[in-house]
Amino acid sequence: MTLAIYCAGGLGKEIIALARSVNIWNEIIFVDDITDADWHAGAKVFRFDELRGYNDELEFIIATGEPAVREALYKKIKGAGYKMATVFSRDCMILPGASIGEGCVFLAGAISADVVIGPNVLFNGEVKVGHDTVIGAHSVLSEACLIGGHTEIGARVYLAPGSMIKDRIKIGDDAIISLGAIILRRVKERAIMMGNPAKRIGFNTEGKVFNMFGI
């Protein structure tokens, strides 16, 4: 079985290191349609169109922290008939009853009992998720996020490092929770939240996280 990591960037370096430590794939490659590089982090880089006939036993993981791009690449991969992998760090604790969708990446952290996680979600280090929480597809949970039990997180949500969500809170689709924000109340779809306690500072009208303020 070959693991294809889509996007040859910094997060790709982290994921290939994790995948090598798990050591269940015969080969690991990168797929990237933007870079001109032929190698990245010691692995061969292919363009997506070059994969036809390359290997029938090929499964993908997506290495970008931009939720909308994660969704677009997921649809591209699935539309071409490929499978998605799921990668777990040995440092990630997952309790019984948790349901995990395909294509997820767990770099480290703890997933409590009866958590439901949609497909293609990124857990990027020391994320802790309370019991009975639901996390929507293509969302990104950054380093040191804390999520209380019975929380509902929509699709394509971005939680920046150090953000915290009180138990029994609902976060709407495409919301952005900024660095260190403390969420105590329901968050509307596309809302951008900042501060402690967090307040809405705008809306994610462009459907993207990074460079949204031009910086």
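Phe30 stands opposite Val45 in strand S4, and two bridges join S2 to S4, which run parallel. The model described here is predicted. Four of the five residues of S2 are buried, so this strand is largely enclosed by the rest of the structure. The points below cover the surroundings of S2, the nonpolar cores, an open sheet of six strands and an internal cavity.

**Strand S2 and its partners**

- Strand S1 is joined to S2 by five bridges, and the two strands run parallel.
- Within this pairing, Thr2 has Glu27 of S2 as its bridge partner.
- From S1 the chain passes through helix H1 to reach S2, a β-α-β crossover that is right-handed.

**Nonpolar cores**

- In soluble globular proteins, nonpolar side chains tend to be buried together.
- The largest nonpolar core holds 42 residues, of which Ile5, Tyr6, Leu51 and Phe60 touch the most other members.
- Two or more residues of this core come from each of strand S1 (2-6), helix H1 (10-22), strand S2 (27-31), strand S4 (43-46), strand S5 (58-62) and helix H2 (67-79).
- Helix H1 supplies the largest share of the core, five residues.
- Beyond its neighbours within four places in sequence, Leu51 is in contact with Ile29, Val31, Phe46, Leu58, Phe60 and Tyr82.
- Another core, of 28 residues, lies apart from the largest one and includes Cys145, Leu159, Ile183 and Ala191.

**The six-stranded open sheet**

- Strands of a sheet pair through backbone hydrogen bonds, either parallel or antiparallel.
- Six strands with parallel pairing make up an open sheet, in the order S8-S11-S14-S17-S20-S23.
- Strands S8 (92-94) and S23 (182-183) stand at the edges with a single partner strand each, so one side of each has no neighbour in the sheet.
- Strand S20 (residues 164-165) is joined to S23 by two bridges, and these strands run parallel.
- Ile165 has Ile183 of S23 as its bridge partner, and Ile183 is also among the members of the 28-residue core.

**Internal cavity**

- Rolling a probe the size of a water molecule over the atoms shows where empty space is left.
- Across the whole structure, a search finds one cavity of 30 Å³ or more.
- The volume of the largest cavity is about 40 Å³.
- Its lining consists of Glu66, Pro67, Ala68, Arg156, Asp174, Asn204, Gly207, Lys208 and Val209.

How values were computed:
Residues are numbered from 1 along each chain as its sequence is written. This is a predicted model: local features need pLDDT of at least 70, side-chain atom pairs count only at pLDDT 80 or more; totals for chains, interfaces and linings use all residues. Side-chain values use heavy atoms; hydrogens and water are left out. Two strands pair if DSSP finds at least two bridges between them. A nonpolar core is a set of buried Ala, Val, Leu, Ile, Met, Phe, Trp, Tyr and Cys residues joined through side-chain atoms within 4.5 Å. Buried means under 20% relative accessible area, exposed over 50%, partly exposed in between (1.4 Å probe, protein chains only). Contact means heavy atoms within 4.5 Å. A crossover is right-handed if, with the strands pointing away from the viewer, the path from the first strand over the helix to the second runs clockwise. On a 1 Å grid over the protein atoms alone, a cavity is a set of points where a 1.4 Å probe fits but cannot get out, and a pocket is an open set with protein on both sides within 12 Å along at least five of seven lines; lining residues have an atom within 4 Å of a point. Grid points are joined across faces, edges and corners, and a volume is the space filled by probe spheres set on the points.
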